[in-house]
Amino acid sequence: MFPEKTLAWGRSKSCIRELAAYGTARKAQIGEDRVFDFSIGNPSVPAPACVNESIRELLNTDSCALHGYTPATGLPSLRKAIAEDLNKKSGVEISPDYVYVCCGAASGLVISLRAMLMPDEEVIAFAPFFPEYRVFTEGAGGKLVCVKPDEALQPDLEEFERAITEKTKAVIVNTPNNPSGVVLTAETLQKLGDIMARAEQKYGHSIFLLSDEPYRELVYDGQTVPCVFDYYHNTVMCYSFSKSLSLPGERIGYLALSSQMAEREELFASICGVARACGYVNAPSLMQRVIEKCIGNTSDISVYKGNRELLYNGLKDLGFECVYPDGAFYLFVKSPEKDAKAFAERAKKYELLLVPSDDFGVEGYVRVAYCVSADMIRRSMPAFKALAEEYGL
Ligand code: PLP
């Protein structure tokens, strides 16, 4: 006998990874250049020079220390550097003692959820959302409650207020958003924080804001993402270097707790306990040192901005309805037929790999990941044109 849930998660796979695997097989079959793979959010821009330079430099240092265990929470010098970096972004001072270095945003979210959820407590996520939130929440013994967006795909805050119950323990926000590219404004974050503070008063317990931020630096047109710590006291930031430094396979990120959190000591202790119980020993030690040297740098984000313009303008000209993305590297395109899965299947006929939105918690869209080469976007346009013609756009 095996646990039913883990069996089901293992057998069902993520819709994104399934499509990416199809893409790999299809490329082997008909040739790399003939498949327009917009499936997965793997950065297409190399890591900045400082990453390889620091690796080379570090390889000349004491190998036993370099590859040895670090404290479970991360190297003290790195935690300090992270706190200093955060303190440039927010008016709320973050202490290195409440920074936990972990394996990307995914592990930050999982550890935090497991550390805070009691059986059957609820976690609210705003659709459209990263599909793994459901697995992360249910894996932690909780229940995911989905709040549908408004017309502009912004969080519907009235609906949010109604969704909060006595069982609500956490709320996940993701800005810039995967899959829509929407960035939450300071005003929205403030309203959201006010609603949560009122709910805490009403129910008499903490409700945590989990801010999932792997795309924080991926914003264009001179914008910056408002820092969540400034809008709500019980905030946990889950950050990752996967996208900003193009290091998704290296598994490095952190979580940080607000100094305004009343139960900060208990939550951090519980986070350390969960990590221990999961046999998670420490984040990769070489990468911790690389991050310490590279913090504050990013890959060349302007490449994604160029891709955004190419794809958005190209698809709009063909008659597709798209949400203009302020950040991340995804374009959310309205399906010309109600069933986005049927639309994505039809797109495959033209070797276009688009992710249907159903698993993101909304129907009727596809996600187009534009972390690809500009050349591929240009070459894909005749395929999009043929697809648009099928729908009479
Ligand atoms: N959250 C969102 C919204 C993502 O898009 C991703 C990855 O694509 C993750 C979390 C996980 O990222 P990481 O590589 O940092 O674990």
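Where is the place of Pro-179? Pro-179 sits in the loop between strand 5 and helix 9. This is a predicted model. The protein has 14 helices and 13 strands. Its radius of gyration is 21 Å, which agrees with the value near 21 Å for a compact globule of 393 residues. The points below go from the whole protein to single residues.

**Overall build**

- The C-alpha trace spans about 60 × 55 × 55 Å along the principal axes of the protein.
- Of the 393 residues, 55% count as buried.
- Among contacts with a separation of 6 or more, 75% are between residues 24 or more positions apart.
- The exposed area of the protein is about 17,200 Å². Carbon and sulfur atoms supply 51% of that area.
- The protein carries 42 positive and 52 negative charges. The mean positions of the two sets are 4 Å apart.

**Cis peptide bonds after strand 5**

- Most peptide bonds are trans.
- The bond joining Thr-175 and Pro-176 is cis, with omega at about -10°.
- Pro-176 lies in the loop between strand 5 (168–174) and helix 9 (186–203).
- A cis bond also runs from Asn-178 to Pro-179, with omega near 25°.
- Pro-179 has its place in the loop between strand 5 and helix 9.

**Positive phi between strands 7 and 8**

- Most residues other than glycine have a negative phi.
- Ser-246 has a positive phi, near 55°, and is not a glycine.
- Ser-246 belongs to the loop between strand 7 (235–240) and strand 8 (253–257).
- Ser-246 has a relative accessible area of 13%, so it counts as buried. The cut-off for buried is under 20%.
- Arg-251 is not a glycine either, and its phi is positive at about 55°.
- The loop between strand 7 and strand 8 holds Arg-251.
- Arg-251 is at 32% relative accessibility, so it counts as partly exposed.

**Strands 5 and 6**

- Strand 6 covers residues 208–212, and five of the five are buried, so this strand is largely enclosed by the rest of the structure.
- On one side of strand 6 stand Phe-208, Leu-210 and Asp-212. On the other side stand Leu-209 and Ser-211. Both faces are covered.
- Strand 5 pairs with strand 6 in the parallel sense, over five bridges.
- Ala-170 stands opposite Phe-208 of strand 6.

**Strands 2 and 8**

- Strand 2 covers residues 99–102. Val-99 and Val-101 point one way from the strand. Tyr-100 and Cys-102 point the other way. All of these residues are buried.
- Strand 2 and strand 8 are paired antiparallel, with four bridges.
- Cys-102 has Gly-253 in strand 8 as its bridge partner.

**The four-stranded open sheet**

- Four strands form an open sheet in the order 9-10-13-12, with antiparallel pairing.
- Strand 9 (322–323) and strand 12 (355–356) stand at the edges. Each has a single partner strand, so one side of each is left without a neighbour in the sheet.
- Strand 9 and strand 10 (residues 330–334) run antiparallel and are joined by two bridges.
- Val-323 stands opposite Phe-332 in strand 10.

**Glu-138 in helix 7**

- Helix 7 (residues 132–139) contains Glu-138.
- Glu-138 is at 23% relative accessibility, so it counts as partly exposed.
- Glu-138 is in contact with Lys-5 and Trp-9, leaving aside its neighbours within four places in sequence.
- Glu-138 and Leu-113 are 25 residues apart in sequence. Their C-alpha atoms are 9.5 Å apart in space.

Conventions:
Residues are numbered from 1 along each chain as its sequence is written. This is a predicted model: local features need pLDDT of at least 70, side-chain atom pairs count only at pLDDT 80 or more; totals for chains, interfaces and linings use all residues. Side-chain values use heavy atoms; hydrogens and water are left out. The radius of gyration is taken over C-alpha atoms; the globule rule is 2.2 Å times the number of residues to the power 0.38. Buried means under 20% relative accessible area, exposed over 50%, partly exposed in between (1.4 Å probe, protein chains only). Contact means heavy atoms within 4.5 Å. Accessible areas come from the Shrake-Rupley method with a 1.4 Å probe; for residues, only the protein chains shown count as cover. Lys and Arg count as positive and Asp and Glu as negative; His and the chain ends are not counted. The place of a charge is taken as NZ of Lys, CZ of Arg, CG of Asp or CD of Glu. Two strands pair if DSSP finds at least two bridges between them.
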